[in-house]
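Thanks for sharing this one. Here are my notes, set out point by point so you can follow along with the model open beside you.

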Amino acid sequence: SSLSCWSNMPAFQKLCLHTVYDDPLQPVTQDETVSVGGTVTLTCRVAASDNSSLQWSNTAQQTLYFGEKRALRDNRIQLYRSTGTELSITIGNVQLSDEGEYTCSIFTMPVRTARATVTVLGVPGKPQISGYEDTVQEGGKVTLTCTSSGSKPPAKLRWYRNQEELTGRPDVVETNPDEATYTVISELTLTVGRSDDNTLIGCAVDHPSLSSGEKWTEQPIRVLFTPDVTIQPQNDLPREGEKFIIQCIGNGNPKPTSYVWQRKDGELPLLAKVDGSFLLFEMLNKSDNGVYLCQADNGIGKMQGEYTLLVQDPTAMSTSSGVDHAVIGGVVAVIVFILLCLLIVLGRYLIRHKGTYLTHEAKGCDDAPDADTAIINAEGGHSGAEDKKEYFI
């Protein structure tokens, strides 16, 4: 017989098929790979049958099945199919101790055999991240350790920051003394910034027995950093005589607990009141104009923001209000223009269609060459008309 192997098969499903080209009674088997706890099927076939029985034996050469007959009392091993040309069995709940070479035999003269190698993969445990004890200050370093045990062959560990893969130190592989599995350890050192606050650092196990991302653990990182300070006005139009408020907003970790208000190049106005992060002007005056500074302190550091106050006249309008009034004025002008156009058109229509009314007395006057003729024509017009009668009582 000869051994025919396909090297392009996946590593965890490497298939080696024992084939015989000239002996129809030579058993044919194939190698199998299975994870711990899984089920493996061992199949033995011959091309022709001479009524001889096929037999499967384990790594210790103990007979498992002889034809349809169970030989070893192990409930994990079951008959899958038995015919004159095939004997297939299954082994369930596979353990690392089941790894090795299994033999299929057919008791002809001479006895013919074929071997199948069962490779058992040790399934790595869920990774555990250690080394993070407390919050880290901005610019500081944190070293994390990821550990996974029980893999065979040794697993590979991968680090991620919010789905972005990071490069850690090379994996350290340790042999577990009680079983033929390995513990894999990887370290990652990060210099953290404020953008890393609440970031999730993940560690994933890469192994032939697992699908991608099947075993993964995450560690959130908290970073302490000085606040970013901005000053927000109550509105965009501080007008003289009105109340006005500006607020100091500090975004940091932790949140600022102390605020200090100052006026650049001078003291705060007498009517200005400080209320924590707020600076209140009860009644604005143009003397309040100036640059105001706010310093926020969160215990990690202090940062300062500034705001330029420019008090407007009481009648001043905000940019947005000016725009609104301009729009309204434009709409009104268009409506007035349309109404005027409608009035002009309606007036022209009425003038053009106004009727011309002539009395009986005026008939014939239009075509008369002179006044005498017009009077005669007017008097003659009575002939065709009914005589008017007047009665006096």
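1. Let's begin with a pairing: which residue in β18 does Val173 stand opposite? The residue facing Val173 is Val184 of β18. Please keep in mind throughout that this is a predicted model.

2. The two strands around that pair deserve a closer look. β17 and β18 run antiparallel to each other, with four bridges between them. Together they make a hairpin, and six residues lie between the two strands.

3. Asn176 sits in that loop, between β17 (172-175) and β18 (182-191). Is Asn176 buried or exposed? With a relative accessible area of 16%, Asn176 is buried, because the cut-off for buried is under 20%. The side chain of Asn176 also has a polar contact of 2.8 Å with the side chain of Thr183. If neighbours within four places in sequence are set aside, Asn176 is in contact with Gly150, Thr181, Tyr182 and Thr183.

4. Now for the sheet that holds the hairpin. It is an open sheet of four strands, ordered β12-β14-β18-β17, and the pairing is antiparallel. Its edge strands are β12 (128-130) and β17, each of which pairs on one side only. On average, neighbouring strands of this sheet are turned by 25 degrees against each other, direction ignored.

5. The other pairings in this sheet can be followed strand by strand. β12 and strand β14 (residues 141-151) run antiparallel and are joined by three bridges. Within that pairing, Gln128 has Thr147 of β14 as its bridge partner. Between β14 and β18, which also run antiparallel, there are 10 bridges. Here Thr145 stands opposite Glu187 in β18. If you are tracing side chains, a general point may help: in a regular strand they alternate between the two faces of the sheet.

6. A second open sheet has three strands in the order β23-β26-β27, again with antiparallel pairing. The edge strands here are β23 and β27 (302-309), and each pairs on one side only. From one strand to the next, the twist averages 20 degrees. Six bridges hold the antiparallel pairing of β23 with strand β26 (residues 290-297). One residue to look up is Val260, whose bridge partner in β26 is Gln295.

7. Just along the chain from β23 you will find Glu267, in the loop between β23 (258-263) and β24 (272-275). Glu267 is exposed, because its relative accessible area is 69% and the cut-off for exposed is over 50%. What separates the C-alpha atoms of Glu267 and Tyr292? The separation is 10.0 Å, for two residues 25 apart along the chain.

8. Ser88 makes a good contrast to look at next. This residue lies in strand β9 (residues 86-91). Ser88 counts as buried because its relative accessibility is 0%. Its side chain makes a polar contact of 3.1 Å with the side chain of Thr43. The side chain of Ser88 makes a further polar contact, of 2.7 Å, with the side chain of Glu86. Not counting residues up to four places away in sequence, Ser88 touches Leu42, Thr43, Cys44, Leu79, Tyr80 and Arg81.

9. Stepping back to the whole chain, there are two helices and 27 strands. Of the 393 residues, 34% are buried. Taking contacts between residues at least 6 apart in sequence, 58% join residues at least 24 apart. The chain exposes about 24,500 Å², and carbon and sulfur atoms supply 53% of that area.

10. Finally, a word on confidence. How many residues of the chain, as a percentage, reach a pLDDT of 70 or more? The figure is 82%, and the mean pLDDT of the chain is 85. Over residues 1-21 the pLDDT stays under 50, although the model has 40 contacts beyond four places in sequence for them. The pLDDT is also below 50 over residues 380-393, a stretch with three contacts in the model beyond near neighbours in sequence. Where pLDDT is low, the predicted coordinates should not be read in detail.

Key: Residues numbered from 1 in each chain as written. Predicted model: local features only at pLDDT ≥ 70, side-chain atom pairs only at ≥ 80, totals over all residues. Heavy atoms only, no water. Buried < 20%, exposed > 50% of the residue type's maximum accessible area, 1.4 Å probe, protein only. Polar contact = N/O pair within 3.5 Å; in protein donor to acceptor, adjacent residues only side chain to side chain. Contact = heavy atoms within 4.5 Å. Areas by Shrake-Rupley, 256 points an atom, 1.4 Å probe, with all protein chains shown as cover. Pairing = 2+ DSSP bridges. Axes fitted to C-alpha atoms, helices over the stretch in contact; angles between N-to-C directions. pLDDT = per-residue confidence, 0-100.
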